[in-house]
Amino acid sequence: MSPNIWAFILTLTLWSSVSAEAYESSLAYKHSYQVVQDLEKVAYGAAQLADSYYFRKVNLTGYTLSAKHVFETIAAADSTELCYNQTAHLLESLTSGSVEYHWAVKMIDAWGKPGSGILTGNLAWLGDFDECQNIVSYYNSSYTSGSSFSLMPESFEGQYCSIGTSLNSAGLSLGIPVGFSIGSCFPSGCSVQDIYNVVQTIIEEVNTNSTLKITVSCQEKNLEYSTGAIVTIVLYCIMGALCIVGTIYDAVRVMNTPTPEGDGPHLANGTAINGSTSKKSEDTEILINPQDKPYEHKPGALGEFLMCFSLYTNGYKLLSTKQPPGSLKCLHGIRFLSMTWVILGHTLVFSFSSIGNFMVVGGWLKRWTFQVIMNATVSVDSFFVLSALLTSYLFLKQLEKKKTTPVKFFITVPIMYLHRYLRLTPAYGFMILYYTCLSLYMYSSPLKPVNTTAADPNCVTNWWGAIFYMNNFIESNKMCAGWGWYLSNDFQFFIVTPFVVYLMYITSIGGVVLSIAMVIGSTIAATSISVRDDLGLGLGGVRDPKHPPANAQQNQNMSDYYFPPWCRYQSFGVGVIFGFILWKCRGQLPISRVVNLCLWAVSGAIMLAILYGPFEIESGGRIATVAEAAIYNGWSRTAWSLALGYIILACCLGRGGWVNELLSWSGFVPLSRLTYCAYLVHPVIMTIASASNKNKIMWTDITFISMFAAYTFLAYAVAFPFSLMFEAPFMLIDKKYLTGKLSNSVK
């Protein structure tokens, strides 16, 4: 490790050791200054020992460090007058021995102290954030001291700051942004520049040849609401008010709605509680209480609009487990399980910054069970297959039912685009508003981003990439709400799908051949980029860390390989083909039981091979060849999609056995409906949970499993009200007033 890094660690270690001992001695409120002087000798001896054995390149000889020395450096450095005076008051209070000045000891105690486990990733010593932020200095005008410093005539507060350095700035590159940082507590009158000057002066005293790049950031206590935050609050309040008014209106309407004679309680669409149904759609189902006095009430234009926001109506529909005849029931289970898999992978990714022993992940890589997380990215391909299969299957049924001509088709396509956009965007937009403008005001911690009022600054400049579904064309480190890359790809695929499906409708062979060609083209594109950039398996990291290509950049690799639509279409294209096959089969799969069992076995073997096949390489056993990496990166997603496609086909056509019964469990239906909103909100929950930690988390297997379970529960718990407020109302508005009317006008 670089001598500069050791100098930084030693400086902070000696400083925190002195601070800790000073605090313990000050509890007795006597001899504190003498103890500090004694500890200076200990620190000096430790420095000499370190210099003689471990740090021969670091000039520490003759250097002593104490609490008094650190803060006296402020006086010597180019500090502002306010910072100088407040620090002087702190120094005099530390050496006074008076109980009235115990706040000064707390300011020392709040500093972070380097602990054990540095080699396992314990590189951030946060200290006590709350202790520092709650400090208020005490001033007694009658107190005098022999010190040359003058006491502050006004009180001041503690200011929590983080002092850090990057390993890369010390000449040590790990391929990931890792560095040391320590929490510190300074008087509130000291600016970031004041503190930087102090730290830089001390580092130079330890090693005059230091090339360390020090960073200093301080947390704001009272973050003022930005314009974006105020606008977001207003919009959320408007939506909340509409939901409250709509629910009250709906409840009054329900209580005054009569029930058919002799039938008992009914649903608004005529569905009796005993299960008999009327011809009306499930979309209008709500429970109705029986009334003796008949009262007919038909909502007016305003009433119809308010009904779109009814939590009662929308909640009932959202939690209902009923499905119309002909539903592809197994998709609900696959959708929910795929979502939990996404959350499992993101539990690692979004929590990484809050881990205090992140090197433990290196040990997890050597377990075959960890492959489920390492290769969890295929869960996204499962969503592509589901989306494409449903789009293809339902559109083919619609084309057949309406006997769509080319003229009607070209009229229908823009309506489909508008419907898709209105289906996805409102909830997506409200999530981005909260995440960007409001989430920072929800917590206070040492890990909270500083010098910004936006949790994701990229959303301030590149919001258009998310709202117009072009995120996947923006560099990964500049994306707004980065997980929206999937939605961008899905929307772009949806744009071309109607034309491919219509070609399948008018000429099956031509449509299927085009789809296969697009799948193969996408697969070849991914394979070629893997070879060109010498990518590793899966996410596209560097294949051989010891011999990386000259232009190797993880962000660029993600932008070139993982996000572009031409590299991800293969899964969607396979889904389109299986949707066509499902439509063509007309409810029956014309294969023997033996063939079905063989196809199930092949599908299972393919999935297991994709998940666990790379274990030797991903666990560090050996380095993949260029050909191995290219084949896996290019063809694994296509193979996974083919295997999943057959499983869906078999389950939908009665050849799925107990697997179909499990996936078709009615309990998955409401969870499946919530999956879109759960996908939107779960990274926001993870980001807030990780950034709000006051200390780093030491991960164990149980810790990771507990966090995954908690995130899964919270994702769906938050998705439920989020869907009721920002998804369901706009779906109904679109159906009643926009694309629903436009579709009905196309005869």
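In this predicted model, a nonpolar patch lies on the surface, formed by Tyr-225, Ile-230, Val-231, Ile-233, Val-234, Leu-235 and Ile-238, with about 580 Å² of accessible area together. One of these residues, Leu-235, lies in helix H8, which spans residues 227–255. Leu-235 counts as partly exposed because its relative accessible area is 32%, and the range for that class runs between 20% and 50%.

A second feature to look at is the sheet. Four strands make up an open sheet of mixed pairing, arranged in the order S1-S3-S2-S4. Its edge strands are S1 and S4 (214–218), each of which pairs on one side only. As a general reminder, the strands of a sheet pair through backbone hydrogen bonds, in either a parallel or an antiparallel sense.

The pairings can be followed across the sheet from S1. Strand S1 (residues 124–125) runs parallel to S3, and two bridges join them; here Trp-125 stands opposite Ile-182 of S3. Strand S3 itself, residues 179–187, is mostly covered, with eight of its nine residues buried. On to the next pair: strand S2 (residues 158–166) and S3 are antiparallel and are joined by nine bridges. Within this pair, Thr-165 faces Phe-180 in S3.

Thr-165 also has a bridge partner in S4, namely Ile-214. The pairing of S2 with S4 is antiparallel and extends over five bridges, and Ser-162 stands opposite Ser-217 in S4. The two faces of S4 can be told apart by their cover: Ile-214, Val-216 and Cys-218 form the covered face, whereas Thr-215 and Ser-217 form the uncovered one. Ile-214, the partner of Thr-165, thus belongs to the covered face, while Ser-217, opposite Ser-162, belongs to the uncovered face.

Further along the chain comes helix H27. This helix covers residues 701–726, 26 residues in total, and reaches 36 Å from its first C-alpha to its last, close to the 38 Å expected at 1.5 Å a residue. A kink of about 25° lies at Phe-720 in H27, shortly before the proline Pro-721. Buried residues of H27 include Phe-704, Met-707, Tyr-711, Thr-712, Ala-715, Tyr-716 and Ala-719. Phe-722, Ser-723, Leu-724 and Phe-726 in H27 are buried too. When reading such a list, it helps to recall that an α-helix has 3.6 residues a turn, so residues three or four places apart point the same way.

Terms used: Residues are numbered from 1 along each chain as its sequence is written. This is a predicted model: local features need pLDDT of at least 70, side-chain atom pairs count only at pLDDT 80 or more; totals for chains, interfaces and linings use all residues. Side-chain values use heavy atoms; hydrogens and water are left out. Buried means under 20% relative accessible area, exposed over 50%, partly exposed in between (1.4 Å probe, protein chains only). Two strands pair if DSSP finds at least two bridges between them. Patches are made of residues with over 30% relative accessible area and no salt bridge: like charges are joined within 9 Å, nonpolar side chains (Val, Leu, Ile, Met, Phe, Trp, Tyr) within 5 Å. Accessible areas come from the Shrake-Rupley method with a 1.4 Å probe; for residues, only the protein chains shown count as cover. A salt bridge is a side-chain nitrogen of Lys or Arg within 4 Å of a carboxyl oxygen of Asp or Glu. The expected span of a helix is 1.5 Å times one less than its number of residues. The bend at a residue is the angle between axes fitted to the seven residues ending there and the seven starting there.
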